[in-house]
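Here are my notes on this one, in the order I'd go through them with the viewer open. Packing comes first, then the cysteines.

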Amino acid sequence: MAVRFTEEVPPCALQPAVPSDDGIPSDHAAVSAKANAVAKEPLELEAGSAPANVAALEPLDFEAGSAPAPKQLSQSPSFLQSLKSSVMATAQSQKAVDAIIKRVGAVPSSWRNRTTAIQEPEAYTHSSVIVREVTENPERFTAAEQKSARFMQRAWSTGIVSSRTAADAIYAPGANPYAADQLGIMMLRGFRMKSFALIIVQAICTLIVGIGVDKAVGRTHVGYYVLGGLTALLVVLLAVVAALRHRVPWNYILEAAFTLVAGTLLGCLSEPLIDAQEMCCDGLDRVEKPQLYAMGFYSFGLVILGISSILGSRRRVMKCTHLSFIAITLTMIAFIVSWRITQFCPGVWLALMMIIVALCIVWVGIECDRLATKLNPDEYMLPVILVWADLLVVTLVFTIAILAVLAASGSGGDIDGPSCSGCYCDCGHFWVYDWGNGKNSRNQNRTEQTAASQVLGAQQV
């Protein structure tokens, strides 16, 4: 049976019957009245006869005065037809609307309250459509959302950003009727399940590859050119995956290649970070690989966030932003307990790793909530890409901050702290990761000269 697409919604169609626990109106009389109200032609009934335009519908078997069973009512074409006829949609979007209704099993409740026609899914990737949706419905969107939409529209019209970028930057829940959060709790839960499953599996695989590369490399310093090349390759692969995320199987092949490169880079960072700890903090009993611990606890936090994000009733689930703080709390407890047992890094390094991991986890929660208002349920790979992009940015920012602090405290300064007493940091030079242990002869000579000058200065004093 074809869906009727109307240009105007009748008043009664904007007031759907109150759904039961199964999402189905419990009053069949209200449903029948609604179906009759939205019909373009009045029904003329004679005693003992059925109307001509509903003669082919499947009958509902229920006794007088009783409501039909929810399952039977949900399978009734008359029930679905009465709800479909309250949906305003353009002719081009008919197939997309039918596909969503068939997939969800019912008309999404958010669609029955819309005051503008639903367009095809591709239309909501353009900023002009999103902006018109926001500005023409001030009762559905806040002033801040409308201001943001107009700002991004001006940025697009002046050529600063593309139309797709402007549409992605506009945060206006409800503007895209095909977004995961607009299609019901089950669709939202499925979107989260697929996104977090891919993120968690990739994080764990990256950790496994990193541990394997660390075992293979050992105490060999691969060199800064190799580390820089791997970092550049990682960024390029991330951009390519973002561009081809809709092309199967290339998206998965490139995602696997990205995982291998990320794991390789993670394993090759062991020796530079060990040298940095030995250089900055004397008297350490043991020196471990802090990046492997950080990645392990980051994966642990993602598992907690992913599992908790799909828990809930059929009517509601918690926001990932709120759940991220629960995941952070449990992750930080595991971090501290593990550090108290193993002392795998200096206290200052532990604090930095905890800050980085906490920021990454909370940002994953924020991004998942925001993307659920923009992306279709099948676009679950984009959250994975953005999560890795954010992780790289946060790590890069903290790396630059650490190098800046070390450089500022360099030139022969002594640093006394609770976790790094009597440390000497000659970090004003670029050889911060290679304290005389590398193969670079110039670096070896430089560090030997520095140590000799320190001894000579101490003797003169």
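1. Start with the main packing unit. Keep in mind that this is a predicted model. The largest nonpolar core has 58 residues, and the ones with the most contacts inside it are Tyr298, Phe335 and Val364.

2. Who builds that core? Two or more residues come from each of helix H8 (185–217), helix H9 (224–243), helix H10 (250–268), helix H11 (270–280), helix H12 (290–309), helix H13 (320–342), helix H14 (347–372) and helix H15 (381–408). H14 gives the most, with 12 residues.

3. Tyr298 is a good residue to click on. Leaving out residues up to four places away in sequence, Tyr298 touches Val357, Cys360, Ile361, Val364, Val387 and Leu391. Val364 turns up here again, having already been listed with Tyr298 among the residues with the most contacts inside the core.

4. Don't stop at the big one, though. There is a second, separate core of 26 residues, and Ala89, Tyr124, Phe141 and Ala166 are among them.

5. Now the cysteines. How many disulfides does the structure hold? The count is 0. For Cys320, the nearest cysteine sulfur is that of Cys368, 5.0 Å away. Looking from the other side, Cys368 is in no disulfide either, and its nearest cysteine sulfur is that of Cys320. A disulfide needs the two sulfur atoms within 2.5 Å, so this pair doesn't qualify.

6. Are these two cysteines buried or exposed? Cys320 has 0% relative accessibility and therefore counts as buried. Cys368, at 8%, counts as buried too, because the cut-off for buried is under 20%.

Conventions: Residues numbered from 1 in each chain as written. Predicted model: local features only at pLDDT ≥ 70, side-chain atom pairs only at ≥ 80, totals over all residues. Heavy atoms only, no water. Buried < 20%, exposed > 50% of the residue type's maximum accessible area, 1.4 Å probe, protein only. Core = buried A, V, L, I, M, F, W, Y, C linked by side-chain atoms within 4.5 Å. Helix = DSSP H or I, 4+ residues; strand = E, 2+ residues; numbered from the N terminus. Contact = heavy atoms within 4.5 Å.
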